[in-house]
Amino acid sequence: MLVISTLLTVVGCTALMVIIVFQGIFSPAKVDLGHEHYGEKADFAIGPFKLPAWMGFAMPLNALVNAGYSLVGLAWVLRTYLARRRGEVGELQAYFAYTFAWMCILYGPVQFWRIISQTHESAVLDQWVTLPFFAWAILWCKALTVGWNREVTAMLMLSSILSYNLVFFTEFGFEIALVIHSVHTASTGFATNRQYPCKGNNFALFMCGLTYVNFVVFKVMDLHLPHYSEFFTEVSGHFISKLFGDVALGHFAFLFFENLAKKQQVESSKKVK
């Protein structure tokens, strides 16, 4: 069953990355550790509500917002499964959507682990597993418009994973890799929408861009916003960047590809008739 096989693939690849990280290979990588790098106060409280210290939620909202990744992923697993059963999308779309959804579902715990533990291993893994999301989106565009090629898929995903090795050459290695991935993904998305326009995708692509900008702006402003209001020591820039940036971006990316796949499925059905 496709939904299970994609889950096993994502779990297997993520587990391998975890093992590699714990071997200490990326120990030279420079990452931000400590609550002082976040705008939310590490007071184990949400407003007036104090949480038990044993829960480990020093920054509760920054920790809990990561459930959003998993919830969005689960919602799209179900939505894709139902769309596939109704014949609204093809097997290729289901394969890419399931894989992306499982990646989102597993990313939630990875980011959660980083927030509550503030360890070097969790920070490195958080950075590293981010890059394949962009590569998978690029491949998704190519697969739905040009066709799927196993060798190209393996080569691009491997290149994306190996690009994290830039951390060995500069302290900004991850940032350089992230910018390259982001630009490539954005250009591929715009090119795909221009060449294969379909209903709803101008909006979906606009929202992808807007949520990504939200993510970057509020992430960068996280430590500066508390200077303007105490409110941002509770509802921090980091929290906003996740909820209205990263998590929302995932949803609209799914929507973009679903619209494209549904249009192709309708056109394929007409050709058969």
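Contact here means that heavy atoms lie within 4.5 Å. The model used in these exercises is a predicted one.

**Exercise 1. Lys 242**

Find the helix that holds Lys 242, decide whether Lys 242 is buried or exposed, and list its contacts beyond four places in sequence.

Solution.
Step 1. Lys 242 belongs to helix H9.
Step 2. Its relative accessible area is 2%. Buried means under 20%, so Lys 242 is buried.
Step 3. With neighbours within four places in sequence left aside, Lys 242 is in contact with Val 65, Tyr 69, Tyr 107, Gln 111, Phe 215, Val 247 and Ala 248.

**Exercise 2. Helix H6**

Check the span of helix H6 (residues 150–162), then work out which of its sides is buried and what caps its N-terminal end.

Solution.
Step 1. H6 has 13 residues, and at 1.5 Å a residue they should span 18 Å. The end C-alpha atoms of H6 are 18 Å apart, so the two values agree.
Step 2. Thr 153, Met 157 and Ser 160 are the buried residues to consider in H6. They cover an arc of only 60° around the axis, and therefore sit on the same side of H6.
Step 3. Glu 151 and Met 155, on the other side of H6, are exposed.
Step 4. The partners of the buried residues of H6 are helix H5 (120–145) and helix H7 (173–195), against which they pack.
Step 5. At the N-terminal end, the cap is Asn 149: one of its side-chain oxygens is 2.9 Å from the backbone nitrogen of Glu 151.

**Exercise 3. The nonpolar cores**

State how many residues the largest nonpolar core has, which elements give two or more residues to it, and which element gives the largest share.

Solution.
Step 1. The largest nonpolar core has 63 residues. Phe 26, Trp 136, Trp 140, Tyr 164 and Phe 254 have the most contacts inside it.
Step 2. Two or more residues of this core come from each of helix H1 (2–22), helix H3 (67–85), helix H4 (91–117), H5, H7, helix H8 (201–220) and helix H9 (237–272).
Step 3. H5 gives the largest share, 16 residues.
Step 4. Another core, of seven residues, lies apart from this one; Leu 61, Leu 225, Phe 239 and Ile 240 are among its members.
Step 5. Take Trp 136 as an example of contacts. Beyond four places in sequence, Trp 136 is in contact with Tyr 95, Phe 96, Thr 99, Phe 100, Met 103, Thr 153 and Met 157.

**Exercise 4. Two residues of helix H7**

Decide for His 184 and Thr 192 whether each is buried or partly exposed, and describe their surroundings.

Solution.
Step 1. His 184 lies in helix H7, and at 37% relative accessibility it counts as partly exposed.
Step 2. Ala 137 is 47 residues from His 184 along the chain, and their C-alpha atoms are separated by 9.9 Å.
Step 3. Thr 192 is also in helix H7. At 5% relative accessibility, Thr 192 counts as buried.
Step 4. A polar atom of the Thr 192 side chain lies 2.8 Å from the backbone oxygen of Thr 188.
Step 5. Not counting residues up to four places away in sequence, Thr 192 touches Cys 141, Thr 145, Phe 256 and Leu 260.

**Exercise 5. Positive phi**

Place Phe 44 and Gln 118 in their loops and give the phi of each.

Solution.
Step 1. Most residues other than glycine have a negative phi.
Step 2. Phe 44, in the loop between H1 and strand E1 (45–46), has a positive phi near 55°. Phe 44 is partly exposed, at 26% relative accessible area.
Step 3. Gln 118, in the loop between H4 and H5, has a positive phi of about 55°. Gln 118 counts as buried at 14% relative accessibility.

Terms used
Residues numbered from 1 in each chain as written. Predicted model: local features only at pLDDT ≥ 70, side-chain atom pairs only at ≥ 80, totals over all residues. Heavy atoms only, no water. Expected span 1.5 Å × (residues − 1). Buried < 20%, exposed > 50% of the residue type's maximum accessible area, 1.4 Å probe, protein only. Arc of directions from axis to C-beta. Polar contact = N/O pair within 3.5 Å; in protein donor to acceptor, adjacent residues only side chain to side chain. Core = buried A, V, L, I, M, F, W, Y, C linked by side-chain atoms within 4.5 Å.
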